[in-house]
Amino acid sequence: MPVELLVTIFQNTLAPEGVWETIQHTKSLTRLMLVCRWWHKIILDAPELWTAISCDDRLDESEIGKALRLSRRMPLDVIFRPPYTEGRKLPHLFRFVNPESLRWRRLVLKYDGPAEDLELLEEVCAPAIEDFDLLLVGQRVGSSAERPLNIFNGSPLPKLQKFSLAWTAIRWELGQLAGGALRSLYLREISNYAPSVAQILDIVQQSPLLEAILLMGVALVTGNTADLPTLQPPSLRTVFLSDLPSAAIRQLVPRLQPTSECQSYTVENFIPMQEAPDFFALAHESVLATILRGRTGKRVYICYSEGHRLEVLNGASSRLRLCGDAVEQALEWVCDCLASPNKATSGPVCLELWSLKNFSSQQVPRNIRALCRIPNVVELRLHLMGSDTETVAALLEVLSRPMRDLPSEEQYWGLPQLQFVTVQGAAPIMPSFIQMVRARLDLEKTLNTQTLHRPYPLHLITVRMGPVEALDGSFSRSELDELQDILEEEGGNLYCCSKLWKDWPRDRRHGLLEPVL
C-alpha cells in the first residue's frame with residue numbers, strides 16, 4: 001500500500017466527522033505506532049498527522065509537546081473543548097501553543113474559567129488563522145463584559161474564513177474580519193460591546209466570499225440609517241437572524257438583500273407586547289418585502305398558530321418567523337403589508353392554519369377578521385385536531401356568508417379568491433364544509449347583491465381530504481359524493497387520500513389504504 005494512502009487513512013480515522021473536538025490525536029497515534037515498525041516509522045515521518053492539538057478532560061502536557069515537535073512547520077489546529085471544562089485552565093495550554101501562534105490554522109476554545117485568562121489571546125499574532133471559534137460559558141458573561149477582548153492585539157487576519165463567537169465581548173476591529181477571505185460569521189448571545197449594524201454591513205461589503213451569516217441574541221447597535229449601504233452579496237447562501245433588537249432588524253434586513261443563489265434567509269424574533277407598535281409600523285414593510293423578494297412566481301405561504309407563532313415564507317428558502325405575545329398584531333401587520341402595492345409582497349397566497357381558539361361565528365374575533373382579509377389567498381390548508389372541531393366549524397360558517405366591516409357597515413366575503421382547500425386530520429366538519437362550498441357557489445340564492453362591495457368569491461377548483469388513517473369514520477361516502485357533485489358543477493374535483501374521489505372503487509372503504517387506479 002502506498003505510504004500516502006496509509007497516511008490518508010490514518011487522518012480519516014483520527015478525525016471522523018463531528019467528533020474532532022473531543023479526541024486527543026497524540027494518544028491515538030501512539031497506539032497506532034505500536035502495531036508494527038513500519039507504521040511506527042510512517043507516523044513519525046508524517047507531520048500532517050500531528051497538527052491537531054486537541055485536549056479532552058485530561059490535559060497531557062507531554063503529549064502536547066510531542067505533537068508540537070513532530071508537526072514540524074505544518075499548520076496547527078488548537079482545540080480546547082473538553083466535555084467538562086471545570087478546573088481546566090487555559091494558561092496551561094497556552095504555555096505550549098502560544099510560541100507557535102504563527103502556525104495556528106484553527107483555534108477552537110470552550111471555556112468556563114476566569115475571563116481574564118482569555119487576555120492571553122491579546123499577546124500573540126496569528127496571521128495564518130483560518131478558523132476562530134470562541135465560546136465562553138454563559139455564567140461568565142458578567143466577567144467578560146468588564147472589558148472587551150482585543151483578540152490578537154488587533155492584528156490583521158488575512159486568511160480568516162470562519163469567525164464564531166458566543167457569550168464573549170471583544171473589541172471589534174473591522175480590518176481583522178474583513179480581510180477578504182471570510183466565509184462564515186457566527187455571533188451568539190452578545191449583549192455587551194456588541195457590534196453595530198453598520199459594522200456588520202461593512203464586514204459583508206468587504207468580504208466577497210462570505211457565504212453564511214448567523215446572528216443570534218446579539219444586541220446590535222443601531223445608528224443613522226442614511227449612512228447604511230444596501231447590499232446584495234452574490235456569494236451569500238445562508239442568513240439566519242434570531243432574537244435581535246427590533247430596531248436592528250428594521251435597519252439590517254432591508255439592506256441585506258438575498259440573490260437568487262441564496263439558499264436560506266430566516267428572520268425570527270420574539271416580539272414583546274411593548275415593542276409591537278414600533279416593530280409592526282406599516283412603514284417597515286421593507287422587512288417583509290426582503291423576505292418575499294425573488295419568489296419567481298411562487299406563492300407566499302403564511303402559517304398561523306393562534307397565540308404561538310406566525311411564519312411568512314416566500315415559497316422557496318426565505319422566511320419571517322414571529323413569536324410571543326404580539327402574534328395577533330403580527331397577523332394584522334402582515335395583512336396590511338400584503339395589501340400594499342409593493343411588487344415584492346403581491347401575488348398568490350397559501351394560508352395554513354394549525355391552531356385556533358374557540359370562537360362563535362356570531363362574534364368573529366379580530367384575528368379571524370384579519371385572516372379573512374389577507375389578500376390574494378388562493379389556497380387554504382387546515383391542519384385539524386380532535387379539539388378543533390367547533391373552531392373549524394365556526395370558521396367555515398364565517399366563510400359561508402359575507403362579513404360586515406366595522407364601522408363602515410360594508411359587507412365583504414372572506415378569502416374571495418380561494419380556489420384550493422386541503423383538510424388534514426380527523427374532525428366531523430363535513431356538513432359545515434358542504435354548506436360553505438354551496439354558499440360560495442349559489443351566490444344569487446344566498447345574498448343581497450346590492451349590499452356587497454367586495455369581489456364575489458371564486459368557485460373552488462380542488463378540495464383534498466386526508467390523511468388516510470384519519471378518514472375512516474370522519475366522513476361518510478354519501479357526504480363525499482355530495483361534495484364531489486357540488487364541485488363538479490363548476491368543473492371542480494374532490495381528492496380523497498391524494499386520489500380522485502369519483503374514480504375511487506365503490507367496493508373499497510375510503511378509510512383503507514389508497515387504491516391503485
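Trainee: Let's start with L185: is this residue buried or exposed, and what is its relative accessible area?
Mentor: Keep in mind that this is a predicted model. The cut-off for buried is under 20% relative accessible area. L185 falls below that cut-off, so call it buried, with a relative accessible area of 0%.

Trainee: Which residues does L185 touch, leaving out those up to four places away in sequence?
Mentor: First place L185 in the fold: it belongs to strand β6, residues 184–190. F163 is 22 residues apart from L185 along the chain, yet their C-alpha atoms are separated by 5.1 Å. The full set of touching residues is F163, I200, I203, L210, A212, I213 and L214.

Trainee: Over to the helices. How is α1 oriented relative to α3?
Mentor: Two packed helices are described by the angle between their axes and the distance between the axes. Here α1 (residues 3–14) and α3 (residues 37–44) have axes 11 Å apart and pack at about 80°. That angle makes α1 and α3 roughly perpendicular.

Trainee: And what classes of residue make up the contact of α1 with α3?
Mentor: From α1 come V3, L6, V7 and F10, and they meet W38, W39, I42 and I43 of α3. Sorted by class, the contact has no charged residues, no polar ones and eight nonpolar.

Trainee: How far apart are the end C-alpha atoms of α18, and what should its 12 residues span?
Mentor: α18 runs over residues 477–488, and the expected rise is 1.5 Å a residue. The expected span uses one less than the number of residues. The two values agree, because the expected span is 16 Å and the end C-alpha atoms are also 16 Å apart.

Trainee: What covers the buried residues of α18?
Mentor: The residues in question are R477, E479, L480, L483, Q484, I486 and L487. Their cover includes β19 (493–496), β18 (462–466) and α15 (430–441).

Trainee: Which residues of α12 are buried?
Mentor: α12 takes in residues 327–339, and its 13 residues reach 18 Å from first C-alpha to last, close to the 18 Å expected. Its buried residues are V327, A330, L331, E332, W333, V334, C335, C337 and L338.

Trainee: Zooming out, what share of the protein's 517 residues count as buried?
Mentor: The protein has 18 helices and 20 strands. Among contacts between residues at least 6 apart in sequence, 71% join residues at least 24 apart. The accessible surface comes to about 23,400 Å², with 51% of it belonging to carbon and sulfur atoms. As for residues that count as buried, the share is 52%.

Technical notes: Residues numbered from 1 in each chain as written. Predicted model: local features only at pLDDT ≥ 70, side-chain atom pairs only at ≥ 80, totals over all residues. Heavy atoms only, no water. Axes fitted to C-alpha atoms, helices over the stretch in contact; angles between N-to-C directions. Helix = DSSP H or I, 4+ residues; strand = E, 2+ residues; numbered from the N terminus. Parallel < 35°, antiparallel > 145°, perpendicular 65-115°, else oblique. Contact = heavy atoms within 4.5 Å. Nonpolar A, V, L, I, M, F, W, Y, C, P; charged D, E, K, R; others polar. Buried < 20%, exposed > 50% of the residue type's maximum accessible area, 1.4 Å probe, protein only. Areas by Shrake-Rupley, 256 points an atom, 1.4 Å probe, with all protein chains shown as cover.
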